[in-house]
Amino acid sequence: MLDQATTPVRVPLVTEPWGILKSLQMARRNVLSIIPDLATKQPMISGKTGKRWHMVMDPATIREILLDKLEHYPKSVVTKNLLKPAIGESLFIAEGAHWRWQRRAAAPVFSHRNVMNLSPIMTGAAERAAQRISDAGPRAVDMLEEMVTTTFDVIGDVTFSGGDTFDRDKVHGAIDDYIAEAGKISLFDILGFPDWVPRPGRLMSGAALKEMKTMADGAIEARSARGHEGVPDLLDLLLEGEDPKTKRRMSTAELRDNLLTFIVAGHETTALTLAWAMYLVGFDQEVQDRARAEAQSVLQGRACTGEDVEHLPYIRMIIDEALRMYPAAGIISRTAMQKDTLCEREILPGDTVMIPIYALGRNALLWDEPDAFRPERFKDRKAIDRYAYLPFGDGPRICIGASFALQEAVIILATMLSRFKFTPVQGKDPEPVMILTLRPQGGVWMTAEAV
């Protein structure tokens with residue numbers, strides 16, 4: 001049996017049933033705290049909290065939900081209500097034909113070639129991060145804050161490179177405000193009230209969102225009129241994007257909503273993965289030493305590049321294990337559209353069907369000692385059931401930027417570990433808390449010693 005002293009931090013899961021008000025109170029503080037502990041021991045559990053819900057941890061059944069019966073299980077009303085004010089009917093939220101044409105138009109943007117072409121931006125951001133850590137000297141650094149800065153540096157350059165019409169700090173602030181305030185689950189969302197009913201917490205962030213959208217529209221229109229020199233960035237690629245079936249291109253509003261989606265999803269989720277990876281290599285110094293040896297052998301003192309990524313398998317395993325233990329999206333939520341049977345249980349129209357990614361990655365039926373940090377689990381990826389490990393979702397709606405995020409994470413982590421020995425600050429363990437994403441609350445405080 002693993003104990004807390006030898007196990008990285010985890011979320012205390014529910015061991016007794018809660019009523020709707022207690023569930024709401026807990027969910028507003030940490031969405032993951034409403035997951036029953038049974039979800040780490042069984043293939044499926046069901047209950048009722050205001051409305052009927054089911055949590056599915058069985059890989060074959062998850063495949064049905066995300067792939068075989070995709071149209072029967074669209075994204076839940078709660079998910080849409082939380083995110084629609086910020087990112088509209090973008091790829092992340094749209095359904096059916098409106099989603100399909102956007103996906104076809106945007107897919108070439110994230111081709112291997114385009115992602116590799118953008119890797120020098122990631123390398124430059126990693127170099128600047130290493131310099132900031134070096135300049136900080138021997139004092140403790142919050143690696144969560146540092147990784148957020150670094151990944152926003154990347155997404156700013158790959159989204160609006162060379163653009164002076166886009167105030168990055170304001171956009172960053174508006175996104176953070178929205179996630180912190182408006183993202184908290186509202187009782188109205190749980191009860192399924194329509195989107196036009198005002199949400200108390202969401203009124204606070206309306207002005208910042210409006211300003212952010214206006215700025216993005218201005219930047220898009222300026223780029224459309226004047227063009228851009230150098231390596232095509234995400235905005236260039238999206239402007240050129242066309243649905244091969246319908247020949248439809250995105251309007252300014254559609255471009256803006258998708259760009260804001262990529263900015264939100266493309267910086268915070270990668271930053272969190274890196275922050276958790278930093279926490280884990282601080283937790284296990286032997287893993288850190290092995291990773292450093294690999295990085296130093298490949299990099300020879302320089303910052304990591306896109307070409308180096310394939311030669312850093314152990315660094316990639318650490319990223320994969322961090323995503324298993326602390327997935328940025330801790331729960332996927334769907335709404336059943338018709339009567340069905342999953343794991344021999346009746347599903348009714350309107351039921352909420354959740355895939356608790358956090359519990360899936362810690363389910364004892366699927367993983368040996370699931371609460372232990374073991375990057376080598378991912379040495380043979382073919383031995384892992386595809387639907388037992390879903391940090392980016394799966395099926396047609398798998399995260400479009402997964403390869404971009406993984407390349408960026410390996411580049412930054414390898415650069416950091418090749419140059420510094422990181423030691424955690426005693427007594428400052430982060431707490432895993434999910435509002436919209438799973439964050440290390442309290443930060444990841446470490447001292448960095450040049451090596």
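In this predicted model, helix H7 (residues 143–159) packs against helix H12 (residues 252–283) at an angle of about 145°, and their axes lie 8 Å apart. Helices here are DSSP runs of H or I with at least four residues, strands are runs of E with at least two, and both are numbered from the N terminus. Axes are lines fitted to C-alpha atoms, for helices over the stretch in contact, and angles run from 0 to 180 degrees between N-to-C directions.

The crossing of H7 with H12 is right-handed; that is, the near helix is turned clockwise from the far one by less than a right angle, whereas anticlockwise would be left-handed. On the H7 side, the residues that meet H12 are Met-143, Leu-144, Met-147, Val-148, Thr-151, Phe-152, Ile-155 and Thr-159. Their partners in H12 include Leu-259, Phe-262, Ile-263, Gly-266, His-267 and Thr-270. Contact means heavy atoms within 4.5 Å. Sorted by class, this contact has 14 nonpolar, 5 polar and no charged residues. In that sorting Ala, Val, Leu, Ile, Met, Phe, Trp, Tyr, Cys and Pro are nonpolar, Asp, Glu, Lys and Arg are charged, and the others, Gly among them, are polar.

A second helix pair, H14 and H16, can be set beside it.

| Helix pair | Angle | Axis separation |
|---|---|---|
| H7 and H12 | about 145° | 8 Å |
| H14 and H16 | about 115° | 9 Å |

H14 and H16 also cross in a right-handed way. H14 brings Ile-315, Arg-316, Ile-318, Ile-319, Asp-320 and Leu-323 to the contact, and H16 brings Leu-406, Ala-409, Val-410, Leu-413, Ala-414 and Leu-417. By class, that makes 10 nonpolar, no polar and 2 charged residues.

Let's stay with H16 for a moment, since Thr-415 is found in this helix. Thr-415 counts as buried because its relative accessibility is 0%. Buried means under 20% relative accessible area, exposed means over 50%, and partly exposed lies in between, with a 1.4 Å probe and protein chains only. Leaving aside residues up to four places away in sequence, Thr-415 touches Ala-126, Leu-299, Ala-303 and Cys-304. Its C-alpha atom is 9.2 Å from that of Arg-292, although the two residues are 123 apart along the chain.

Leu-299 and Ala-303 turn up again around Asp-308, which touches them along with Val-298 and Arg-302, residues up to four places away in sequence not being counted. Asp-308 sits in the loop between helix H13 (285–299) and helix H14 (313–325). This loop residue is buried, because its relative accessible area is 6%.

Now to the loop between helix H15 (357–360) and helix H16 (402–419), where Leu-365 lies. Leu-365 counts as exposed because its relative accessibility is 55%. Beyond residues up to four places away in sequence, Leu-365 touches Lys-41, Gln-42 and Pro-43. The C-alpha atoms of Leu-365 and Asp-58 are separated by 9.0 Å, while the residues stand 307 apart along the chain. Glu-369 is placed in the loop between H15 and H16 too, and counts as partly exposed because its relative accessibility is 33%.

The backbone of Glu-369 deserves a look: its phi is near 45°, a positive value in a residue other than glycine. Most residues other than glycine have a negative phi. Lys-247 likewise has a positive phi, near 65°. Lys-247 lies in the loop between helix H11 (234–240) and H12, and with 52% relative accessibility it counts as exposed.

Helix H2 (residues 59–68) has Pro-59, Thr-61, Ile-62, Ile-65 and Leu-66 buried. Seen down the axis of H2, these buried residues fall within an arc of 160°, so they line one face of the helix. The arc is that of the directions from the helix axis to the C-beta atoms. The buried residues of H2 pack against strands E2 (51–56), E4 (332–335), E5 (340–342) and E7 (352–355), and against H15.

Finally, the whole chain. The protein chain holds 16 helices and 11 strands, and 55% of its 451 residues are buried. Of the contacts between residues at least 6 apart in sequence, 74% join residues at least 24 apart. The accessible surface comes to about 19,400 Å², with 55% of it belonging to carbon and sulfur atoms; such areas come from the Shrake-Rupley method with a 1.4 Å probe.

Residues are numbered from 1 along each chain as its sequence is written, and side-chain values use heavy atoms, leaving out hydrogens and water. For this predicted model, local features need pLDDT of at least 70 and side-chain atom pairs count only at pLDDT 80 or more, while totals for chains, interfaces and linings use all residues.
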